[in-house]
Each structure stands twice: as structure tokens, then as C-alpha cells.
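Me: I'm new to this structure and would like a close look at a single part of it. Could you pick a pair of facing residues, start there and work outwards?

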Amino acid sequence: MSFTRIGHLLFPAGQVDRVGEALRVAVQQCRNHQELGDSEINDALVLDRWQLRTLRITGFRGVAKPFVWRIPGPGNVVLVHAENGAGKSSLSDGLRVTLHGGIRHCPAFVHDDLRRQQPLNHDVTSAAVDVELLGDKAHQLKLNWRLGPAPTADAQPAERCTASWSMPGTAEAERHVLGSRWAETVAAHRPVISYDELNHHLRDAARLSRFCTEALALGPNWSSLHAYISRRLEVAVRAAEQWAELRRNVAAELTTLDAELTEQHPLVEPPEPVALPDLGADVGNWFTQVFGDSNVVELPAPIRPDLRIRLTEAFADTADAMAGYRRARNSVRNAAPIGETPGETIAAIRQLLATTGGEQACCPLCATETGWPGISRTSRELQAIDEEFALVKHLMTELARLLGGEVRLALEAAEQLPGVDAVARELTHLVRPLRGRHELRGELDEAWPLLIKLLADDSFEARVLQVLDALISTADVPGYWHRSRARICRQLADFHADQGDVANNVETWRAALDRLIGAYEQVRDNRVRSLAADIEAVLRDFLPDTGFAGLQMSITGTLGEPERAELMLRFGERLASAGALSAGQFNALMLSVLLGSNAAGPFRFLVLDDPVHALDETRIQVLCRHLARLAEQDRQVVVFTHNEQLLNELADTIPTATRMALARDDDGEHVLNDVTYPWQALLTDAKELTKSGQALTELTVATLSLAFCRQALDAVARGMAREWARRHPGPHPLLEAIDRSGPTSTALKKLRGLIGQGHPGGALIQDLLDGGKLRNLNAAGHGNAEELSELSIHDVRRDIDYFEQFCADLVEAVRAEQ
């Protein structure tokens, strides 16, 4: 089903709402993304009605050498009779493979059991099948299937199928590779029904289900639309979920911001809470109304009023601790080296003394006695130094963090503040080395001397406090609060501008998906009822004596899900599945399904390969009547069979059927001869006699060959008399006279009288009678060796060709009459 037709169902002209607009976009997008070549060639197929013209095969299955068949046109049934192994299934499978676009679509090549066929003939390395189709509008389709050798021993043969489409008046055809859309269209109408499909493939429930769903001819476009809309819905749902999560995060950030600023600036009146918008609101307009044109760039926070107090306390505590540390170092008796020893070294010495008990005669670090006796006796004093040093190190670390963190940021912000900008830049330069300080290691840490310097500088603390006072006095806490809120809420405005339309379309796409599925199911159910009715109409003819009361076809599943078709037959009050039928009834069901599904579509032809497996005489007659109806509808029907009963029944049901014989000659090449009329076989026998290598004399060959020709003329006269009488009902005394006629010339003259002198066939007969060609036939009939001896084999062949052309022209003239 085309996108255009689907669009008419989904959004009728003048009735496009929001959901319809979404569906229109989906249809357009899917149409734009489909394979252009596959779409074009599929459109060419469905916009015309096609008949078979020519089949060319080489290297495929049993056809090793090139074989060409120009197939008779519509309005007739062509019966191809062949014994098993003659190659009739090779011809039908070649047609099927090429029409479907590859061997994967032909059941004979996908079995996993012993019935699996090999596409390549065992004597060749490549195969080719060409099929020519002619449309009612004089368009031409040429399908070319090629199978080359496999690139490696483990690989599959290289397969390619293309189609060229030409219109009247165009010099060059468009060539396309056949794709999935073409295969779907062909599969829906089954122009070729293989023996394997009738008798094996469709007995599998899953395959029968797939066949029935394909026969609905819904095509892949519905699935493409479903996949597209499902993806859009998934994206919309994900965007809506992201919006909800972002809104929760923004609310949490605002709560945290309000709590922190309320704590840091207790004298500032907190603003009213922000009422966040919903997804469907105009978020951009909301943001403008709430925050105006606020600058939402990341801004430094206002100086906390307690920073001044904390800095003053930190300086005082650190200075006091440092003084106590120095006093402790100076109070140690008889330990002159202690005054220059770093605190961390003193801590290590104290730990050594605690471990060894202070009994060593020399220092355990430098192995000297200088000053060691005094130190070893002062472990208690060293412990006091160590404790003071730990306190100093802690306070120095805290001071470094404060100066390198909050104070540095405040000083950097003050660089833009007139009046203190120069001082702020100088102070910033001093404290920048303390940025990122965590834990000081001790007096050996590179930041320790800087901190000692800053503590010793009486003006440093005063200048920092001066800058902080200036910042505190000019701080705009409400403005910062407002801008910080705007910065947080900007996330909602930005997301909504980028993804808002997508997130807002969740319900639209969900409704579009529901509408698509509803339209699909309505179309599918209508087609199910129509297909079931077509199948049931045929099946009633096949099962007239079984109590068959109707067919039920049901489909489970829907668009986007696996669909399964099931056929149930009703016999009175009893329902039976396909698996409960006998072999003959099942074959009748399969023929009904295939004939019913082929009733409409782009193909004017139907090809069947051995369709009467397990059918009795009554059901064979039913099949023949259905094929006759197809021919009456100007359809082209080709039947491959080895069943003599089917041949005879079709000949009785369809007197105008064309009969052909498929066989192999002595060289193994396939030969397809027209044997519709007895005269054809007789002339074929006459030709065989004239071939070289015969053991007969030329006189005997001439006598027998011309005798066959005479019998052929008698046969064509009787056959055309019956054909003319069938087309012109009524009493025809000459018809009986022709059947009783003796001489060939008499039969031909009476046929001329029957059809009329002005009939084209009458003119042909008169030309034959006037041409003297019958003289040699009379000589052969009377055994006149003297006259026949003057004939060469070349002359005999020329006469045979003449009589063959006469018979063909006479048949065409009689059958062409309406």
C-alpha cells in the first residue's frame, strides 16, 4: 500500500488537526527516506497490468544450456506437458526466483531437509534467468537474475537481481536493483505457484500464516510509519522525563541557595519562593516575567559579614599559638640546638626517645654526642614543644585555607572596586600562592615562611580588613540572590527552547500512533474479509460434497507486533484447522488460497507447477473450470504438469488451450514444441525423417515425410472446421462431410465452403489449391515413385516448411475471428 493511499486514510483533505499534521510529517519523512530505486520500480509494477512475454534460462537447475521460450499471450491457457526430470520445475522456479528478486523467496531453495534444491546446474559455475513482461500501457519490464560463483569455499554464491523499466517512446530504460518493496508486492499476489509451495512449504503453520499476511498486500509502508512514529514518541517521552528531572533538580538547587543565603545574610529579607512552570507553559515568557533581562552569568557571591570576624580571630589565634610555641622551645634547658630545629624534627626526636627510653650515648640520627646528653634528659619538655607545634600547624593550615580561599576571592572581586582596587591587587598577589592549600606539613612547607611573613606584617591584616569593609558596605545581596536564581532557572528556559516542542508532543505522537494502528487494523480487517471471501468462493467449488459451510480467517497481533494468520474451515457446526484436512482437501485449500489471493493485482498471468497433487477427478475438473474462467477474463495461464488426466480434462474444458511438450534432445538441450493440434506432431515427425543420418533411402524419406504432411493437412482441416463451428453454433452439414472426406483437397474445399470464400482462411486454402503443392502429396499417397524420385531431401524439407506455415496461418486466421 503506497504512502499516498495511507495518507488519504490518516489525514483526509481539509481535516488535518494536530495529530493529522504529525502523521503528515511522518508520511513525508518515510517517503523521503525510502530506497528511491526500489520505490520507483515498485510503482512501475503496481501502476500497470503485466503479461509474460519471454523467458530465457541458462545454468539454472536442470537447464544447463541456453533455453528461450516466447510465451503465448493472454486469453488462453498454456499446458506444458513433460515427464519427471524434463525440467518443467526448473522453468517455473526460474520464473519465481526472478519475479521475486532472489532465491530466498523461492521455497524450493530454503528447505533444511533433503528437498532443498541447488540453483546452479552441476555442469556450470554461473546461472542467468531473464524475464520480459509487457504492460497493458505498452510499458516493458525486463528482469535479470544472475548467480555467480562463490568468492570462497565457505561463502554463498554471489546473487544479483535487477529490473529495467521502459516506457513507449523512451530510448533508454531505467535500471534498478530489486528490493524489499518489490518482493512484498510480488509475494502478495503470487503470480507463480510452485509444486513445492503447494505440497510442502505451506503445510508449515508459520509459513502459511506468513503467506496469508503477505496476501493481504498491505506492504512495508505501514511498518515504516509505525517505526518512525514510535521513535518520535520515544524521543518525546525521553525529553519529557528529562524536563521533569531537570525541574526537580532546579527546585532542589533553589532550596539550597535560599537556605545558604538566609544563613549567611540573616539581616537580609529572603525573597518569595520561585513558582516553577509546567512543561506546557511558555517557559521563555515566564522567565522574562520573573527575572526580566537579568544577567545570569556566574557572579561572585557577596562577602559574608562574618568573614571579617573569622579572619581577625584566625590572625589572633595563630599569633598567640606561635608565641606559645616559641616560648616552649626556649624553655628547654641545656638544649641549645632545639632553638633552630624545625618542629617536625623535634616531634621525630621525641618519638625516638619514647621508643628507646633515652639511654643512647649519642644521637640516633647523626651518631654524635654533641648536645645529645641534654636533649635525652628533656623528653617531657620535648612533648610540650610537640603539642604546641601541633596546635600551631593546625591554626596555620586554617589560616592558609582562609587566606587562599574566601579572602583571595574577596580580594579578586575587590579589584574592580574603585578606591581599594590597587590595594586589592597587591594583596591578591600576596595570598595567591596559598590557593588550594589543604594540610600544611610543618615549618618545612613552602607556605610556612609566607604565613610567618604575613603574621609579622602589622599592616597586612589592617589592609585586608579595609578591603573587606569596602566590599561589605557595597554588597548587593538581594541582587545576587535574584541573579543566582535566574542562573539556576535559566536551565529550564534553555531546555524548553531546545527540547520543549519535542517534550510537549508526547500525547500528540501517542495519539498519532493510536490513529495509525486503528487505520491499519481497519484496512487489514477489511482485506481479511475480502480475501477470506475470495478463498471461500473457490473452496466451495473444490469441496462441494464435504459439508463445507464457510471459511474463517483471523489475524492476531497488530502493527509493530508479530502477526499470525489462522485459517479455520467450518463443516456444519464443526470447525477444523488446516492440519485436520485430508491430503486432497488440504491441496484444494492451498489452491483456493493461491487462486483467491491472485484475483487482483498487477499480474495478468498465473503460472502453476503440478497443481493437482492428491486431487481426485472431480476436483481436477473444478480446477480446470477456474483456469478457464481466468482465460475468459483475458488472463495468461501457464500450467506445467506430467498428469495426463489434467491435460485431457483441460483440453475438454478449454478447447482453445495451447499444448506444448517439454523434453530434452539427444544433446541434452531443452526443446519445447507446440503440440496443440495433431498436425504439429505429424509435421515434427516429417522433419525428423529428413534429418541426416537416416538409414532410409531418399525415396522412402520423401514418401513417408509427405504422407505425414498429408495427414497434417487433413488434421488441420478437421480441427479448424470444429473450431469454426464452435464459434458459430448451429447445424453445419459440411462439418460432417469434412470428417468423411477422403482426398485432402476435398476436405480443404469443404472447409473453405464452411468458413466462406471471403474469410481470410478461405483465401489461404485457395492459394494452396492453386499452387500445385498437393500434387506431391497425392504422389506420396498413391506411392508414385516416378514423381517422387525427382524430389531431393532439400525439396521435401521446403515442402514441409510450407505446409507448416500454411497450417499455422490457417489456425491464426480462424482463431482470430471474433
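Reply: Sure, let's start with leucine 55, which stands opposite tryptophan 69 in β2. Keep in mind that this is a predicted model. The facing pair belongs to a longer match-up: β1 and strand β2 (residues 67–70) pair in the antiparallel sense over four bridges.

Strand β1 has another partner too. It covers residues 50–58, and eight bridges join it to strand β4 (residues 127–135), again running antiparallel. If you want a spot to click on, try threonine 58, whose bridge partner in β4 is alanine 128. While you look along these strands, here's a handy rule: in a regular strand the side chains alternate between the two faces of the sheet.

Now follow the chain out of β4. The loop between β4 and β5 (140–148) holds alanine 138, and this residue has a slightly odd backbone. Its phi is positive, about 70°, although alanine 138 is not a glycine. That catches the eye because most residues other than glycine have a negative phi. Is alanine 138 buried or exposed? Neither, quite: its relative accessibility is 41%, so it counts as partly exposed.

There's a similar case further along the chain, at aspartate 634, where phi is near 65°, a positive value in a residue other than glycine. This aspartate sits in the loop between α20 (617–632) and β13 (636–641). With 37% relative accessibility, aspartate 634 counts as partly exposed.

For another piece of strand pairing, go to the open sheet of three strands, ordered β9-β10-β11 with antiparallel pairing. Here β9 (548–556) and β11 (574–577) are the edge strands with a single partner each, so one side of each has no neighbour in the sheet. On average, neighbouring strands in this sheet are turned by 30° against each other, direction ignored. Four bridges link strand β10 (residues 564–571) to β11 in the antiparallel sense, and leucine 569 stands opposite alanine 576 in β11. Lying across β9 and β10 is helix α7 (residues 205–215), which runs at about 95° to β10.

Last stop, the inside. The largest nonpolar core has 83 residues, and Trp222 and Phe542 are the ones with the most contacts inside it. Helix α18 (residues 506–542) gives the largest share of this core, 16 residues. Tryptophan 222 touches several residues distant in sequence, including Met1, Leu516, Tyr520 and Leu559. Apart from this core lies another, of 43 residues, with Leu147, Leu178, Trp182 and Val192 among them.

Notes:
Residues numbered from 1 in each chain as written. Predicted model: local features only at pLDDT ≥ 70, side-chain atom pairs only at ≥ 80, totals over all residues. Heavy atoms only, no water. Pairing = 2+ DSSP bridges. Helix = DSSP H or I, 4+ residues; strand = E, 2+ residues; numbered from the N terminus. Axes fitted to C-alpha atoms, helices over the stretch in contact; angles between N-to-C directions. Contact = heavy atoms within 4.5 Å. Core = buried A, V, L, I, M, F, W, Y, C linked by side-chain atoms within 4.5 Å. Buried < 20%, exposed > 50% of the residue type's maximum accessible area, 1.4 Å probe, protein only. Lists of a residue's contacts leave out its neighbours within four places in sequence.
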